[in-house]
Amino acid sequence: MKDRKERIYQYLKEVCACNSVSCTHDEYKAGDWFAEFFRKIPYFQKHPELTGNFMIPGDPYHRSVPWAILLGNSKKTVITSGHFDVVGTDNYGPLKDMAFQVGPELEAELAKRDLDAEARFDMNSGEWIWGRGVGDMKGGHCVHLALFEEYAELADKGELPGCYIYLPVPDEESYSVGMREGAKILRRLIEQYQLDVQLMIIPEPSNWVNGKQSLSRGTVGKIMPVVMAQGVTAHVGHCFNGISPMNFLCRIYQRTNNALEFCDSYDGEAAVPPTWQKFRDNKELYDVTIPLRAYGYFTLLHFERTPEQIMNRLKEISMEALKEECELINAQYQDYKKIDKSADKEKIVYYPEVYTFGELVEKIKSTDKEGFEKYYSEVYAGIKDDIEAGRTNYPDATVTIMQKVMDYADLKQPTVLLGFAPPYYPAVNGDAVEGKENAALKAFEVIEKSAKEHFGRETFNEHYFMGISDGSYTAVGHPFDYDKFSLNTPCYGQLYSVDFKTIEANNIPFILYGPITKEYHQWTERTLKKSLLEELPVVTKELIDSLWK
Ligand SMILES: [Zn+2]
């Protein structure tokens with residue numbers, strides 16, 4: 001076997017050359033590369049049943065989840081996972097295609113471009129490897145692959161102390177279908193071989209802050225609530241005969257966007273407050289009518305709160321917003337009456353309503369189950385075609401389904417309908433996994449000591465990685481009512497699903513720890529050579545060995 005350093009760099013060039021941009025027809029190539037890599041290892045030539053390339057059912061991009069397992073002398077098991085898709089390279093400009101060719105030619109071209117002072121300094125130092133995916137996260141994979149190969153030799157000789165699963169996944173930069181499907185493969189392997197999983201290592205890039213390398217012991221949760229507001233239409237010349245949905249959507253926006261009441265905090269770390277991504281009415285043509293509906297959706301990052309808690313709070317806020325706006329329009333009307341003699345209504349009275357998607361569906365079904373189900377399945381099938389053809393995305397598809405269900409419900413009062421749009425990333429704290437408490441902390445301690453001892457490298461850790469990661473699908477941090485979540489997620493079903501029961505059964509703590517990398521997702525993505533080729537392999541090996549003890 002060649003020198004480890006040489007192998008890591010060789011694999012990096014090969015796997016980066018698979019231009020596996022997320023959700024494109026090239027993404028599968030990196031999956032095939034991994035599958036082939038495993039197949040070629042002599043151990044798997046002897047045990048072909050211990051590796052495979054699982055095709056994701058119904059995937060429009062024909063992506064797969066490759067997997068491989070080394071069976072050792074105890075049931076104690078380590079898992080390496082992480083994504084093999086990358087973000088696009090449009091920001092490389094004319095070097096768009098070259099960005100996948102790691103090596104001196106790419107570096108020479110990048111050096112001719114307008115680098116900022118820090119990037120220029122790094123370029124001149126020659127200490128960095130540049131290119132799309134070198135840090136996020138093909139570099140980390142190549143380190144783990146080089147180790148995996150070495151462990152396969154030990155397994156071959158009957159000397160591997162424990163078991164080792166490798167499971168690289170697609171689609172992390174988009175919807176994480178890879179890890180959601182991968183969880184099912186893990187469950188099958190864990191049950192089949194009665195494995196006792198110690199830890200999953202996801203070698204996502206580490207940041208370098210004040211000279212220290214980062215390690216994350218958990219991952220933030222991300223959920224996307226959709227708010228659909230329906231008012232009462234009227235000719236604008238009779239505006240007091242109607243009420244605009246934008247009035248109450250505005251109020252809900254102001255109560256939620258950047259609202260600190262939604263910020264979870266834990267041990268000096270806080271999730272950022274919610275940010276709205278879209279806010280608009282649903283009018284497509286111009287006329288002098290108050291719009292019927294307005295909608296928006298926002299991203300809410302969280303640690304501990306569950307979808308149910310979030311939904312309950314949004315229901316309260318929505319009802320308050322509706323009531324306040326209904327009172328306000330009456331107050332405005334009372335003032336208007338003083339200056340217009342033809343305004344002769346005594347009062348404007350509304351009976352506002354708030355539903356979750358699940359509640360509205362339930363209400364419709366209670367009187368018209370058959371008719372609605374037929375209607376709904378047609379709507380859903382249409383949306384499925386649109387998503388698969390790339391004509392829409394999950395949040396907008398969710399909006400469309402919600403509108404169609406509201407059309408069917410034929411509501412007449414000012415109403416707010418609430419739902420969730422995929423993807424949903426549950427929060428996981430790697431130290432709070434039941435029965436495996438402090439697993440991530442223990443891993444950090446091994447790494448901190450090893451990196452310091454061998455390389456003088458300082459490591460710091462955080463409880464929650466804020467960048468959203470596949471760690472969300474390794475364990476259920478805070479159990480909640482899974483059915484209620486799926487009923488309130490209009491796209492849930494063939495279009496999108498999370499097997500929470502399987503994830504709960506897997507119950508795997510994890511850490512995120514990889515090569516020191518700067519500016520990933522940018523055209524100046526670069527990873528520190530010494531970190532990738534020298535430090536990470538040694539430190540990671542010490543960690544893995546310690547987990548089998
Ligand atoms: Zn990543």
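Below is a chat about the metal site, the empty spaces, one sheet and some aromatic pairs of a predicted model.

Colleague: Hi! Let's begin with the metal. Which residues are the protein donors of the zinc ion?

Modeller: Hello! This is a predicted model, and in it the zinc ion has His83 (NE2), Asp136 (OD) and Glu204 (OE) as its protein donors, at 1.9 to 2.1 Å.

Colleague: Nice. How are the donor residues spaced in sequence?

Modeller: The spacing reads H-x52-D-x67-E. Asp136 sits in the loop between strand E4 (128-130) and helix H6 (138-156), while Glu204 sits in the loop between strand E6 (196-202) and strand E7 (208-209), so this pair ties together parts that are 68 residues apart in sequence.

Colleague: And are Asp136 and Glu204 buried or exposed?

Modeller: Both Asp136 and Glu204 are buried.

Colleague: OK, on to pockets. What volume does the largest pocket have?

Modeller: The largest pocket holds about 630 Å³ of space. Its lining is made of 28 residues, and those nearest its centre are Asp59, Pro60, Val177, Tyr394 and Leu495.

Colleague: Which elements give two or more residues to that lining?

Modeller: Those are helix H7 (177-192) and helix H10 (357-388). H7 has the largest share, with four residues.

Colleague: How many charged residues are in the lining of the largest pocket?

Modeller: There are nine charged residues in that lining, next to twelve nonpolar and seven polar ones.

Colleague: What about the second largest pocket, which residues are closest to its centre?

Modeller: That pocket has a volume of about 480 Å³. It is lined by 29 residues, with Glu172, Glu173, Gly467, Ile468 and His521 closest to the centre.

Colleague: Which strands supply at least two residues each there?

Modeller: Strand E8 (212-216), strand E10 (221-230), strand E16 (415-425) and strand E18 (458-462) each do so. The largest share, three residues, comes from E16. By class, the lining of the second largest pocket has 13 nonpolar, ten polar and six charged residues.

Colleague: Now the closed spaces. How many cavities of 30 Å³ or more are there?

Modeller: The count is one cavity of 30 Å³ or more, and the largest cavity holds about 60 Å³ of space. Its lining residues include His302, Phe303, Glu304, Arg305, Tyr424 and His478. Six nonpolar, four polar and two charged residues make up that lining.

Colleague: Changing topic: what is the strand order in the open sheet of three strands?

Modeller: The order is E4-E21-E20, and the pairing is antiparallel. E4 and strand E20 (517-518) are the edge strands, each pairing on one side only. E4 also came up earlier, as the strand before the loop that holds Asp136.

Colleague: How many bridges are there between E20 and E21?

Modeller: E20 and strand E21 (residues 526-528) pair over two bridges, in the antiparallel sense. Thr517 has Thr527 in E21 as its bridge partner.

Colleague: Last one, the aromatics. How many aromatic pairs does the structure hold?

Modeller: It holds 44 aromatic pairs. In one of them, Phe37 and Phe38 have ring centres 6.1 Å apart and planes at 85°, which is over the 60 degrees cut-off, so the pair counts as edge-to-face. Phe37 is buried at 8% relative accessible area, and Phe38 is buried at 0%.

Colleague: And how are Phe485 and Tyr492 arranged?

Modeller: Phe485 and Tyr492 are also an edge-to-face pair, 6.4 Å centre to centre with 85° between the planes. Phe485 is buried, with a relative accessible area of 3%, whereas Tyr492 is partly exposed at 24%.

Notes:
Residues are numbered from 1 along each chain as its sequence is written. This is a predicted model: local features need pLDDT of at least 70, side-chain atom pairs count only at pLDDT 80 or more; totals for chains, interfaces and linings use all residues. Side-chain values use heavy atoms; hydrogens and water are left out. On a 1 Å grid over the protein atoms alone, a cavity is a set of points where a 1.4 Å probe fits but cannot get out, and a pocket is an open set with protein on both sides within 12 Å along at least five of seven lines; lining residues have an atom within 4 Å of a point. Grid points are joined across faces, edges and corners, and a volume is the space filled by probe spheres set on the points. Ala, Val, Leu, Ile, Met, Phe, Trp, Tyr, Cys and Pro count as nonpolar, Asp, Glu, Lys and Arg as charged, and the others, Gly among them, as polar. Donors are N, O and S atoms within 2.8 Å of the metal (3.2 Å for Na, K and Ca); water is not among the atoms, so sites may look incomplete. Buried means under 20% relative accessible area, exposed over 50%, partly exposed in between (1.4 Å probe, protein chains only). Two strands pair if DSSP finds at least two bridges between them. Rings of Phe, Tyr and Trp (its six-membered ring) pair if their centres lie within 6.5 Å; planes under 30 degrees apart count as stacked, over 60 as edge-to-face and the rest as tilted.
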